[in-house]
Amino acid sequence: MSMYDEQDDMADEMSEGSMDFFIPADDEHVAREKRKAAELRKSQWWKNELAKGKCHYCGGRFKPSELTMDHILPIIRGGFTRKSNVVTCCKACNSKKKYLLPVEMNAGIGVAGRESNESTDNSKKDN
Ligand SMILES: [Zn+2]
């Protein structure tokens, strides 16, 4: 899409240090969406989601304190922090996903605490 090849050189620097077997979103995107996630976590909307006490993935019932915020399309894959892309996830499902996607450990994220990302693409039928 880019009409100017020169811009590609700049993009190269931003992806330095990333894993090479998938294409991550650029650092700016990740940082921005992480910040939005931190904000969203404080919102009344999110509190309501937690209060429902339901894990989006396994459908189990949990206390709000046992649920974490999860991005259906992970931020590092270009996902955005918006209500349609954010779901409640229990800790069990959360850690299952970590095993499935170990690259997250090396992606230099996690600044925002216990926020998780996941690779599940088969659960976005909701909307
Ligand atoms: Zn679950």
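**Arg-82 and its loop**

I began with Arg-82, which I found in the loop between strand 1 and strand 2. This is a predicted model, so I read each position as the predictor placed it. Is Arg-82 buried or exposed? I counted 11 C-beta neighbours inside 10 Å, and Arg-82 therefore counts as exposed. I then looked along the chain and noted that the C-alpha atoms of Arg-82 and Ala-37 are separated by 8.2 Å, although these two residues are 45 residues apart in sequence.

**Helix 2**

Ala-37 took me to helix 2, which covers residues 27-41. This helix has 15 residues, and from its first C-alpha to its last I noted a reach of 21 Å, close to the 21 Å expected at 1.5 Å a residue. Which residues of helix 2 are buried? I listed Val-30, Glu-33, Lys-34 and Ala-37, and because they cover an arc of only 110 degrees around the axis, they sit on the same side of helix 2. Glu-28 and Glu-39, on the other side of the helix, are exposed. When I asked what covers the buried residues of helix 2, I found that strand 1 is included in the cover.

**Strands 1 and 2**

I next looked at how strand 1 and strand 2 are joined, and recorded that they pair in the antiparallel sense over 5 bridges. In this pairing His-71 stands opposite Val-86 of strand 2. How many residues of strand 2 are buried? I found 5 of its 5 residues buried, so to speak a mostly covered strand. In a regular strand the side chains alternate between the two faces of the sheet. For strand 2 I wrote down Val-86, Thr-88 and Cys-90 on one side and Val-87 and Cys-89 on the other, all of them buried, with both faces of the strand covered.

**The nonpolar core**

I then turned to the largest nonpolar core, which has 12 residues in all, among them Ala-37, Tyr-57, Phe-62, Leu-67, Met-69, Val-86 and Cys-93. Strand 1 (67-71) and strand 2 (86-90) each supply at least two residues of this core, and the largest share, 4 residues, comes from strand 2.

**Glu-49**

I looked up Glu-49 as well, and placed it in helix 3, which runs over residues 44-52. With 20 other C-beta atoms within 10 Å, Glu-49 is buried. I also noted that its C-alpha atom is separated by 9.6 Å from that of Leu-67, a residue 18 positions further apart along the chain.

**The whole chain, and how far I trust the entries**

Stepping back, I recorded 4 helices and 3 strands for the protein chain, running α-α-α-β-β-α-β from the N terminus on. Of its 127 residues, 26% are buried. Among the contacts with a separation of 6 or more, 61% are between residues 24 or more positions apart.

I closed with the confidence values, where the mean pLDDT of the protein chain is 75 and 57% of its residues reach 70 or more. Over residues 4-20 the pLDDT stays under 50, and there the model has 11 contacts beyond four places in sequence. Residues 108-116 also have a pLDDT below 50, and for this stretch I noted 18 contacts in the model beyond near neighbours in sequence.

Key:
Residues are numbered from 1 along each chain as its sequence is written. This is a predicted model: local features need pLDDT of at least 70, side-chain atom pairs count only at pLDDT 80 or more; totals for chains, interfaces and linings use all residues. A nonpolar core is a set of buried Ala, Val, Leu, Ile, Met, Phe, Trp, Tyr and Cys residues joined through C-beta atoms within 7 Å. Two residues are in contact if their C-beta atoms, placed from the backbone, lie within 7 Å. Two strands pair if DSSP finds at least two bridges between them. The expected span of a helix is 1.5 Å times one less than its number of residues. The arc is that of the directions from the helix axis to the C-beta atoms. pLDDT is the predictor's confidence in each residue, from 0 to 100.
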